Amino acid sequence: MAVPPSTQCPLSELRTYSLGYFRPPFKAVYADYITYEQYRHKFMKEDRAQAALLRSGILWRLALHSLSFNILPSVLIGISQDAVPFGQMLSLNGKTHFDDDLSEEEVDFICGTYYVYMNNRCIEKLSWWPRPQAWAGSELDVGFWSSQCKDWFQKRLENIRQGVSHHCDSSDNNGPVNNTHWKQGFKFNAATKKFKKNLDTTCSNFLTTKASGKSLFCRLLYTSDIFSAFMDD
């Protein structure tokens with residue numbers, strides 16, 4: 001879709017979704033997780049939220065957890081109405097094109113992120129699910145939703161449902177944590193990171209040089225994972 005760049009609008013005009021800013025000590029309980037899930041389900045009904053289904057990895061899986069098969073046709077057909085004023089702007093052959101995209105705040109929100117003011121005046125991000133920065137390069141980041149990813153996701157979901165405290169004065173290890181904690185919990189393998197990088201490069205080159213109907217092809221990349229992922233719910 002080629003449109004003038006002047007049609008874009010500032011992101012400040014978008015309705016923002018956030019779990020909020022807090023001062024320490026901060027502790028989320030199970031009721032907070034339920035609230036987060038409800039808000040995430042609501043956000044995923046927004047047209048532009050379909051961009052999460054094009055991100056792959058944990059964002060793709062969390063988006064799928066909030067949606068059903070009914071959303072797939074609209075994702076595969078093309079961009080949403082929000083793509084032009086708020087989406088990603090691309091230049092190709094002298095023309096301006098747009099696609100759906102997520103802001104950093106929206107990515108944080110999908111992962112269930114709380115912002116906590118620290119004593120050093122910095123803000124620490126604690127999330128129910130790993131943010132893309134923690135997911136990237138881990139043993140689970142292999143370019144598709146593997147059986148290992150399925151097992152991990154279901155185990156994490158069960159740990160939250162069964163292991164998160166219902167009272168603020170109790171302790172557990174299954175609540176939202178920071179990126180450092182997430183990275184320490186994942187096993188990182190240099191070969192996995194290299195494989196993922198080579199896979200991304202190969203796919204990008206194919207889309208650029210050989211694929212016809214590139215926009216549709218790009219949106220079809222993860223359809224096989226969409227069907228397999230629903231099998232473990």
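**Figure 1. Ser138 and its surroundings in the loop between H6 and H7.** In this predicted model, Ser138 sits in the loop that links helix H6 to helix H7. Is Ser138 buried or exposed? With a relative accessible area of 0%, Ser138 falls under the 20% limit and is therefore buried. Keep Lys183 in the frame as well: Ser138 and Lys183 are separated by 45 residues in sequence, yet their C-alpha atoms are 7.7 Å apart in space.

**Figure 2. The packing of H1 against H2.** Here we turn to a pair of helices. Two packed helices are described by the angle between their axes and the distance between the axes. For H1 (residues 30-43) and H2 (residues 57-66), the angle is about 90° and the axes lie 9 Å apart. Because angles of 65 to 115 degrees count as roughly perpendicular, H1 and H2 are roughly perpendicular to each other. On the H1 side, the contact is made by Tyr36, Glu37, Arg40 and His41, and on the H2 side by Leu62, His65 and Ser66. Sorted by class, this contact of H1 with H2 holds two nonpolar, three polar and two charged residues. Between the two helices, in the loop from H1 to H2, you will find Ser56. Ser56 is not a glycine, but has a positive phi of about 70°, so a backbone view is a handy companion here.

**Figure 3. The packing of H1 against H7.** H1 has a contact with H7 too, so let us look at that pair. How far apart are the axes of H1 and H7? They are 9 Å apart, and the two helices pack at an angle of about 130°. That angle makes H1 oblique to H7. Tyr30, Tyr33 and Glu37 are the residues of H1 that meet Leu157, Ile160 and Arg161 of H7. By class, the contact of H1 with H7 has four nonpolar and two charged residues, and no polar ones. Glu37 may look familiar: it is also one of the H1 residues in the contact with H2.**Figure 4. The nonpolar core and Trp129.** The largest nonpolar core of the model has 40 residues. Which residues have the most contacts inside this core? They are Trp128, Trp129 and Trp152. Two or more residues come from each of H1, H2, helix H5 (104-110), helix H6 (132-135) and helix H7 (147-163). H2 gives the largest share, six residues. A close-up of Trp129 shows its partners beyond four places away in sequence: Tyr33, Tyr36, Arg40, Ile58, Leu62, Cys111, Trp152, Phe153, Arg156, Leu157, Ile160 and Trp182. Among these partners, Tyr36, Arg40 and Leu62 also take part in the contact of H1 with H2, while Tyr33, Leu157 and Ile160 take part in that of H1 with H7.

**Figure 5. H2, a covered helix.** How many of the residues of H2 are buried? The count is ten of ten, and H2 is described as mostly covered. The buried residues are Gly57, Ile58, Leu59, Trp60, Arg61, Leu62, Ala63, Leu64, His65 and Ser66. Ile58 and Leu62 are both touched by Trp129. An α-helix has 3.6 residues a turn, so residues three or four places apart point the same way.

**Figure 6. The three-stranded sheet.** This view holds an open sheet of three strands in the order E1-E4-E5, with mixed pairing. E1 and E5 are at the edges and have a single partner strand each, so one side of each lacks a neighbour in the sheet. Strand E1 (residues 21-22) runs parallel to E4, joined to it by two bridges, and Phe22 stands opposite Val116 in E4. On the other pairing, E4 and strand E5 (residues 123-127) are antiparallel over five bridges, with Thr113 opposite Ser127 in E5. Strand E4 (residues 113-117) is mostly covered, with four of its five residues buried. In a regular strand the side chains alternate between the two faces of the sheet.

**Figure 7. Arg121 in the hairpin turn.** E4 and E5 form a hairpin with five residues between them. Arg121 lies in this loop between E4 and E5. Its phi is near 70°, a positive value in a residue other than glycine. Is Arg121 buried or exposed? Its relative accessibility is 81%, so Arg121 counts as exposed.

**Figure 8. The cis peptide bond at Pro25.** The last view follows the chain into the loop between E1 and H1, which is the place of Pro25. What kind of peptide bond joins Pro24 and Pro25? The bond is cis, with omega at about 0°.

Conventions
Residues numbered from 1 in each chain as written. Predicted model: local features only at pLDDT ≥ 70, side-chain atom pairs only at ≥ 80, totals over all residues. Heavy atoms only, no water. Axes fitted to C-alpha atoms, helices over the stretch in contact; angles between N-to-C directions. Parallel < 35°, antiparallel > 145°, perpendicular 65-115°, else oblique. Contact = heavy atoms within 4.5 Å. Nonpolar A, V, L, I, M, F, W, Y, C, P; charged D, E, K, R; others polar. Buried < 20%, exposed > 50% of the residue type's maximum accessible area, 1.4 Å probe, protein only. Pairing = 2+ DSSP bridges. Core = buried A, V, L, I, M, F, W, Y, C linked by side-chain atoms within 4.5 Å.
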